[in-house]
Amino acid sequence: METMITVQHLSKSFGTHEVLKDINFSVKKGEVVSIIGSSGSGKSTLLRCINLLEKPTGGEIIYKGENILDDKHNVNQYRTKLGMVFQQFNLFNNHDVLNNCMVGQVKVLKRSKEEAQKLAMKYLKVVGMDQYIHAKPKHLSGGQKQRVAIARALCMEPDVMLFDEPTSALDPEMVGEVLKVMKELAESGLTMLVVTHEMEFAREVSDRVVFMDKGVIAEEGIPEQIFNHPTQERTREFLKRTLKQNI
Amino acid sequence: MSFDWIIKIFTENWPMFIRGAGITLLIALIGTIIGAMIGLIIGVIRTIPIPEKGMKRALLKFINAILSIYIEIFRGTPMIVQAMVIYYGMAIAFGIDMDRLLAAFFIVSINTGAYMSEIVRGGILSIDKGQFEAAHAIGMNHLQTMTNVVLPQVLRNILPATGNEFVINIKDTSVLNVISVSELFFATKSIAGNNFKYFESFFIASVIYLIMTFTVTRILRYLERKLEGPENYNLAGNQMQVDTPKIPSNH
């Protein structure tokens, strides 16, 4: 399978604090990779480094054979290829639902309004929010906002979708509707990189699970291996802690 | 009786009062609008993220330094002094005899611009970081992020402060009488100079100022509410349910 993104020797420090140390991993086309780990392990920072919302301190990020950390590389163009879904939704407050999904297409990808609207409606239907096109973000519940945010990212027709703890800011009863959408997307063959605390989602939906601890990838493998036969002591510890909480 | 005098002075001089008020309002309006535009442009420039190295960094640093100096100078000196320095300075340095009204527009605009750029900067800083990140994440550059996402929100947030500037400008244009701009204060001074009824004449002026500022405040309140947007929304494909049923006219 074709490799979408390769991360090599990636490091990131905030001042003297090293958040990521020598990270190496890659995502293949059509693959769903979950990144798990306790808070502060560097999962979100890794995801944010991949679309350059944080500037890595060292290492390389290879996309389509090019190191996108090169100064000459066009960051904005690269970012249109990655769809980002944030923990806090970050819908554009000044636009209604439809425009949230259109503004990037029209302004960045220079698509026509008609084309943009057609795609927006298509993806809003996918997330089940096509009835709400005239609503402003302030009118929506958290789960609805997150589904619109997913549609907004899909409208750019990205190669890879990045999810940064997409359900962590949601009320418990709304987590399900967002996970359902994400599961459907995964089944449709979308390449997805998901930072999550939802162990069930990681276990059932992902092709591969990456466990991070203290800024390094401690263990990675298929869900069956990570959840049932972890080789590392700290993976076992983490799973014991989180799975106990979930019961 | 001074009340009779007030009536008499107004009925005799009302065209002059009204023209003065009109010019005051015009200067304040144009000054506030141009000042707000200056503020928006400077606000956008001052929030451009500075790259770590290269020519662009040096250029941005230089422009930011110039803008800081502009803001400090015009916020740190009284407008009455700026008016004198600019108007007479132009005459001495370049031999330019500025049109007084144009000079008034210029002075009020750049003075307001200095204040507005700080208001805009504050407005931009108050927007949630997530809005910038979401815009960047779909590939928008700084200018696209600003015009499509941030500034529309900033404009709504800074409207009260902008209205405040407008009201201040209506009052502060009175200092332009030092360069003989025929605004309301200057007009009133001329009227009082003819009839020697200073209290009565300026009482009329104060009522006119108050009417202007009060009206402007009300209009801006209304605008703020308008910009809040509707409280409700209709579900798409569901509008038929809220339509008023039509009664056939051909019975």
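Here is a short chat about how chain A and chain B meet, and about the cysteines.

Visitor: What kind of model is this?
Guide: The model is predicted: local features need pLDDT of at least 70, side-chain atom pairs count only at pLDDT 80 or more, and totals for chains, interfaces and linings use all residues. Residues are numbered from 1 along each chain as its sequence is written, chains are lettered from A in the order in which they are written, and side-chain values use heavy atoms, with hydrogens and water left out.

Visitor: How many residues of chain A are in contact with chain B?
Guide: 32 residues of chain A touch 28 residues of chain B, where contact means heavy atoms within 4.5 Å.

Visitor: And how much area do they bury between them?
Guide: About 2,400 Å², with 54% of it on carbon and sulfur atoms. That is the accessible area (1.4 Å probe) that two parts lose on being put together, summed over both.

Visitor: Which residue forms a salt bridge with E133(B)?
Guide: R48(A) does, with the closest N and O atoms 2.6 Å apart. The count between the two chains is 1 salt bridge, meaning a side-chain nitrogen of Lys or Arg within 4 Å of a carboxyl oxygen of Asp or Glu.

Visitor: Switching to cysteines, how many disulfides are there over all chains?
Guide: The count is 0, a disulfide being a pair of cysteine sulfur atoms within 2.5 Å.

Visitor: What about C101(A)?
Guide: Its closest cysteine sulfur is in C155(A), 4.4 Å away, so that is too far for a bond.

Visitor: Is C101(A) buried or exposed?
Guide: C101(A) is buried, at 2% relative accessible area; buried means under 20%, exposed over 50%, partly exposed in between (1.4 Å probe, protein chains only). C49(A) counts as buried too, at 0%.
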